[in-house]
Structures are given as structure tokens and as C-alpha cells.
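Biologist: I have a structure on my screen and would like to learn how to read it. Could you walk me through it, feature by feature?

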Amino acid sequence: MRDRHAIRARDCDLCQICAEQGKTTIGAAVDHKVPLWAGGSDAPDNKWVLCDPCHEAKSKREAALRATGAWIG
């Protein structure tokens with residue numbers, strides 16, 4: 001739980017994908033940039049805050065890649 005608070009504070013509670021696009025959107029989820037199943041770490045630099053739409057879209061992409069074994073990290 002402490003880790004989530006630190007990530008939220010670091011990212012100013014803003015969705016980092018939206019921020020890359022110049023948008024300001026409040027984030028809802030703390031997510032792994034590279035999923036653990038794909039070799040990502042549980043370190044803070046592999047986590048970011050995402051809004052619900054970005055988190056859902058990213059999760060769908062990852063699920064499809066995982067199902068086909070096509071993950072390229």
C-alpha cells in the first residue's frame with residue numbers, strides 16, 4: 001500500500017499515458033509498465049498511474065499479446 005501512495009505522489013495522481021499526449025487526466029490505477037508475467041519488475045520505476053480508460057486499453061493489449069505469446073518487451 002505504501003508503494004502505491006509513493007507512485008501516486010511521484011506521478012502527481014495523473015495518468016502518465018494521457019500526460020505523454022499532453023492531456024491532464026486523474027489516474028485511478030497503479031499499473032506495471034512491463035507486466036510481471038513478461039519479465040517486468042516490481043520496482044517503482046516499472047510502475048505508473050493510469051486512468052481507467054488507459055488502464056483498460058493497456059490491459060486488453062497485454063492480454064491479447066499474452067494469449068498469442070507475442071509479447072516483445
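**Reading the cysteines, the core and the charged pairs**

Modeller: Let's start with one residue: Cys18 counts as buried, with a relative accessibility of 5%. Please keep in mind as we go that this is a predicted model.

Biologist: How many disulfides does a search of the whole structure find?

Modeller: A disulfide is a covalent bond between the sulfur atoms of two cysteines. Here the search of the whole structure comes back with zero.

Biologist: Why is the sulfur of Cys18 not bonded to the closest cysteine sulfur?

Modeller: The cut-off for a disulfide is a pair of sulfur atoms within 2.5 Å. For Cys18, the closest cysteine sulfur belongs to Cys15 and is 3.7 Å away, so it is too far for a bond. Cys54 tells a similar story: its closest cysteine sulfur, in Cys51, is 3.6 Å off, again too far for a bond. Cys54 is buried, at 15% relative accessible area.

Biologist: Which residues make up the largest nonpolar core?

Modeller: The general idea is that in soluble globular proteins, nonpolar side chains tend to be buried together. In this model the largest such core has seven residues: Cys15, Ile17, Cys18, Trp48, Leu50, Cys51 and Cys54. Helix H2 (16-20) and strand S2 (47-50) are the elements that each contribute two or more residues to this core.

Biologist: What does Cys51 touch, if residues up to four places away in sequence are not counted?

Modeller: Cys51 touches Cys15 and Cys18, along with Thr25, Ile26, Gly27 and Ala28. Cys15 and Cys18 are also members of the core.

Biologist: Now to charges. How many salt bridges does a search of the whole structure find?

Modeller: Side chains of opposite charge can pair when their charged atoms come close. The search finds seven salt bridges here. One of them joins Asp31 and Lys58, whose closest N and O atoms are 2.6 Å apart. Asp31 sits in strand S1 (residues 29-32) and Lys58 in helix H3, so this pair ties together parts that lie 27 residues apart in sequence.

Biologist: Are Asp31 and Lys58 buried or exposed?

Modeller: Asp31 is buried, with 10% relative accessible area, and Lys58 counts as buried at 5%. The cut-off for buried is under 20%.

Biologist: What else is in contact with Lys58, leaving aside its neighbours within four places in sequence?

Modeller: Besides Asp31, Lys58 is in contact with His32, Lys33, Trp48 and Leu50. Trp48 and Leu50 belong to the nonpolar core we discussed. Lys58 also forms a salt bridge with Glu62, where the closest N and O atoms are 2.3 Å apart. Lys58 and Glu62 are four residues apart in helix H3, about one helical turn, and both are buried.

Biologist: Which other side chains in helix H3 are about one turn apart and meet in a salt bridge?

Modeller: Lys60 and Glu56 do, with an N to O distance of 3.3 Å. They too are four residues apart in helix H3. Lys60 counts as exposed at 56% relative accessibility, while Glu56 is partly exposed at 47%. Elsewhere, Asp3, Asp42 and Lys47 are linked in a network of salt bridges.

Biologist: And what does the UniProt annotation cover?

Modeller: The unreviewed UniProt entry annotates residues 15-61 as "domain: HNH". Over those residues the chain is 32% helix and 17% strand, with the end C-alpha atoms 17 Å apart.

Note on methods
Residues are numbered from 1 along each chain as its sequence is written. This is a predicted model: local features need pLDDT of at least 70, side-chain atom pairs count only at pLDDT 80 or more; totals for chains, interfaces and linings use all residues. Side-chain values use heavy atoms; hydrogens and water are left out. UniProt positions are given in the numbering used here, feature names are shortened, and annotations may be inferred rather than shown by experiment. Contact means heavy atoms within 4.5 Å. A salt bridge is a side-chain nitrogen of Lys or Arg within 4 Å of a carboxyl oxygen of Asp or Glu. Buried means under 20% relative accessible area, exposed over 50%, partly exposed in between (1.4 Å probe, protein chains only). A nonpolar core is a set of buried Ala, Val, Leu, Ile, Met, Phe, Trp, Tyr and Cys residues joined through side-chain atoms within 4.5 Å.
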